[in-house]
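Thanks for coming. I will go through one model this morning, residue by residue where that helps, and then turn to helix packing and the cores.

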Amino acid sequence: MAAFENVFSFFGLSEWCDSGKQKALISLKSLKNEETAWWDIPFPSLDNLHKACASIPQSRDLTASLEDGFLYIRPSLRTVLDPITQPLSWMLDSALYLFTNTPWWILLPLFMLAVQWSARSWKITAFVVSCIIFYLATDHYSYAMQTLSIIFVCTVLCVVIGVPTGILMARSNTVQRMLIPILDMLQTLPTFVYLIPLIFIFKITEPKLYGLAIILYAIVPVIRLTDLGIRLVDKDVIEAANAYGMTKRQLLFNVQVPLAMPNIMAGVNQTIMMSLAMVVIASLVSAPGLGTLVLDGINNLRLGVGFMAGIGIVLLAIILDRVSKSALKRMNKTYHG
Amino acid sequence: MMTTTQSQKSSDVAISIRNLFKIFGDDPKSVLPQLHDGIDKADVQRKTGHVIGLNNINVDIQSGKITVIMGLSGSGKSTLIRHINRLIEPTAGEILLDGENILNLPDDKLRQLRQTRMSMVFQKFALLPHRTVLQNTMLAPMVRNEDKVKSEKEARYWLSRVELDGYEDAYPHQLSGGMQQRVGIARALTSNADFMLMDEAFSALDPLIRTSMQDLLLDLQEDLHKTIIFITHDLDEALKIADHLVVLKDGFVVQQGNPQHIILNPSDPYIEEFVSDINRARVLRVGSVMKPSKTTKKTAGSIDSKQSLEQLIAQADGDVKGIYAVTEKDKTVGHIEMTQVYKALVRYNLTTSRRAK
Ligand SMILES: Nc1ncnc2c1ncn2[C@@H]1O[C@H](COP(=O)(O)OP(=O)(O)OP(=O)(O)O)[C@@H](O)[C@H]1O
Ligand SMILES: [Mg+2]
């Protein structure tokens, strides 16, 4: 590191550098008195420069200052976000309560009816029923219900927030230009990275922590496909609607949204699948459900527990996918033959 | 006296298009002063990067009549018809309806105009795919938030007029193209608007269906007397249904007037070329070739002025010399000599060039 020391003294900065020195530790290298080869020039990174001149911060100082910054704005963020997101906690809590405390012999027929109504296929209904019986028989039922209730709440919220956002995006190019980078970021950030700022802001025991993580991750497709679907609506049909003097509102609800419905539903399907993926990871931040069993399997090396929970998750994924896809297919059929 | 004012009224100008210009591009106003009649469209495009859509259009649309706008692809037909209900905003000019310039209407007035006075039929039908035939037909009253029961009755009536009873609950994709377009027409009629804009309404249909749709339209027009603006690139279709024909080329009007008159007196090589391929015997009517005076000579028979020359030749059984009285509602209005008939069958420029020889 002699190279950088010389640079600093050349510019007459030695004094400034030394002023930052607290307790100079003698490095191992200089104790051994090893000469570094001349070609071994290090990159002037923060850490290397710090060694030569104590007044320059280390890389760790940078990350630490990020943390400090976060901690600094945390109270104000909390005062804003806490009340806004509190309903999410309530919704998750009550859905969890409802799904896990309703006796299985009431829920099972209800599920049958719901699946039959939305998918209109006896095969799928039979599959769903046998899966639920499998959960019941292997005592995974309450875990599966917890996972399902979280997905249910998050998907509903994703649709309630995502569809109007997508509509706004389709109507205004400016909104689209502003939102696309945000959506790109939400979609490309590794899933674990979502959890970090959320843990900073909320208490880890609050349900809204994982709820938010799931919603942020899963809302992207429903927004994107709503936007796309509305933009793809046949220009001729829009022109006809305008020629007969439809108001913007009539156009939206009578033409654009119904015609974009297949795309919107495809977005909902993806949103459901992504919520499922995230709810498993969110067990790291105390989301209940099948994910906790997987986590237990990893932490305590209980292969069997993790494996069974894995199968449970796969089954849940198949159920959700089939039911939402066949609802989508049915919709396409009535519109386009 | 009564009858003259009435006939005057039926030929009233409903919509008057005045000096209408449309230029597509980034700065249309800057190109506007450079335009003049017959300017080369490709040249303007090369020099300024702007496309001329419409170049100084002046057309009077007669109330209760069918005005046909004809021209080749890209001549600006769709652009023109979309100005009438302002689906496209012009660069300059005015469109007067009841003395009011449509182009100055505020949004709500424009919407009201489209809801109550204008209906439109589209080349690609443009039905709502998620609505049944009946719901599609009820579009206009639905947009106006009218009483469901009454408008459903009306929609069913028009569906039966276009011979689609029994298909009320079908979806558009279950119908053939011809049937879908009949739904399009029923939708336009259910709106009860006095104007009907038809942009190549029959172009997507095969020839037989097309002829029957033209007949249907003429049939309906017989009792409805709507003001119809009809677009086509097909001369035979234009001649069959037009009361007034406007020929467009590169965004300007080459010639307009009575279609029979245009065939007999084409004013421009472009139109001559257009009319050169038609079957003149079938298209020309006795009334447009006859002499409007009663003859003193002996006539071989009489014929209605609406009949085609082909029908007269058939009636004369190939005779080339006779004279026929021409009637309109059993009243003699003129006479026609067979020699005239045969002369009219030969193209205008051919007769003149032979005479020049
Ligand atoms: N939105 C637009 N932007 C730029 N140019 C346009 C636009 N719409 C039409 N044009 C141009 O205006 C001209 C007239 O187009 P228009 O669609 O009115 O033709 P048309 O007579 O209806 O043709 P067709 O028989 O093919 O339907 C064409 O040269 C076309 O390229
Ligand atoms: Mg066109």
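I start at B:D107, which is exposed, because its relative accessible area is 57%. This is a predicted model, so please keep that in mind throughout. B:D107 sits in helix α5 of chain B, residues 107-116. From there I go to B:N56, 51 residues away in sequence, with 25 Å between the two C-alpha atoms.

B:N56 belongs to strand β2 of chain B, which covers residues 51-62. Its relative accessibility is 26%, so B:N56 counts as partly exposed; the cut-offs are under 20% for buried and over 50% for exposed. What is the sign of phi at B:N56, a residue other than glycine? The value is positive, near 55°. As background, most residues other than glycine have a negative phi.

Chain A offers another case. A:S286 has a positive phi of about 65°, and A:S286 is not a glycine either. A:S286 is in a loop, the one between α13 (248-281) and α14 of chain A. With a relative accessible area of 39%, A:S286 is partly exposed.

Now some buried positions, beginning with chain B. B:H83 is in helix α4 of that chain, residues 77-84. Is B:H83 buried or exposed? Its relative accessibility is 0%, so B:H83 counts as buried. Setting aside residues up to four places away in sequence, the contacts of B:H83 are B:L20, B:K22, B:L54, B:I88, B:E89, B:P90, B:I95 and B:L103.

B:N136 is next, in helix α6 of chain B, residues 133-137. B:N136 is also at 0% relative accessibility and therefore counts as buried. Beyond its neighbours within four places in sequence, B:N136 contacts B:L127, B:L128, B:R131, B:P172, B:V183 and B:R187.

In chain A, I picked A:V220, from helix α11, residues 207-232. A:V220 counts as buried because its relative accessibility is 0%. Which residues does A:V220 contact, leaving aside neighbours within four places in sequence? They are A:L183, A:L186 and A:Q187. For a sense of distance, A:A114 is 106 residues from A:V220 along the chain, and their C-alpha atoms are 26 Å apart.

On to helix packing in chain A, with α8 as the common partner. Take α8(A), residues 141-171, against α14(A), residues 290-299: the axes come within 7 Å and cross at roughly 120°. That angle makes α8(A) oblique to α14(A). The α8(A) side of the contact consists of A:Y143, A:A144 and A:T147, and these meet A:L290, A:T292 and A:L293 in α14(A). By residue type, this contact has 4 nonpolar residues, 2 polar ones and no charged ones.

The other pairing is α8(A) with α9(A), residues 173-188. Here the axes come within 6 Å, and the crossing angle is roughly 125°. These helices are therefore oblique to each other as well. From α8(A), the residues involved are A:T165, A:L168, A:M169 and A:R171. They meet A:N173, A:V175, A:Q176, A:L179, A:I180 and A:L183 in α9(A). How many nonpolar, polar and charged residues does this contact of α8(A) with α9(A) have? The counts are 6 nonpolar, 3 polar and 1 charged. A:L183 has come up already, as one of the contacts of A:V220.

Staying with chain A for a moment, the domain assignment gives domain 1 as 2-57 and domain 2 as 67-336. Taken over C-alpha atoms, the centres of these domains are 53 Å apart.

Last, the nonpolar cores. How many residues does the largest one have? It has 78, and the residues with the most contacts inside it are B:I185, B:M198 and B:I336. Helix α9 of chain B, residues 177-190, supplies the largest share of this core, with 6 residues.

Take B:I336 as the example. Not counting residues up to four places away in sequence, B:I336 touches B:V286, B:V289, B:M290, B:L309 and B:L312, among others. The rest of that list is B:G322, B:I323, B:Y324, B:V326 and B:V341. A second core, separate from this one, has 73 residues, including A:F99, A:L157, A:A282 and A:I319.

That is the end of my part.

Technical notes: Residues are numbered from 1 along each chain as its sequence is written. Chains are lettered from A and ligands numbered from 1 in the order in which they are written. This is a predicted model: local features need pLDDT of at least 70, side-chain atom pairs count only at pLDDT 80 or more; totals for chains, interfaces and linings use all residues. Side-chain values use heavy atoms; hydrogens and water are left out. A nonpolar core is a set of buried Ala, Val, Leu, Ile, Met, Phe, Trp, Tyr and Cys residues joined through side-chain atoms within 4.5 Å. Buried means under 20% relative accessible area, exposed over 50%, partly exposed in between (1.4 Å probe, protein chains only). Helices (H or I, at least four residues) and strands (E, at least two) are DSSP runs, numbered from the N terminus. Contact means heavy atoms within 4.5 Å. Axes are lines fitted to C-alpha atoms, for helices over the stretch in contact, and angles run from 0 to 180 degrees between N-to-C directions. Angles under 35 degrees count as roughly parallel, over 145 as roughly antiparallel, 65 to 115 as roughly perpendicular and the rest as oblique. Ala, Val, Leu, Ile, Met, Phe, Trp, Tyr, Cys and Pro count as nonpolar, Asp, Glu, Lys and Arg as charged, and the others, Gly among them, as polar. Domain bounds come from an automatic or database domain assignment.
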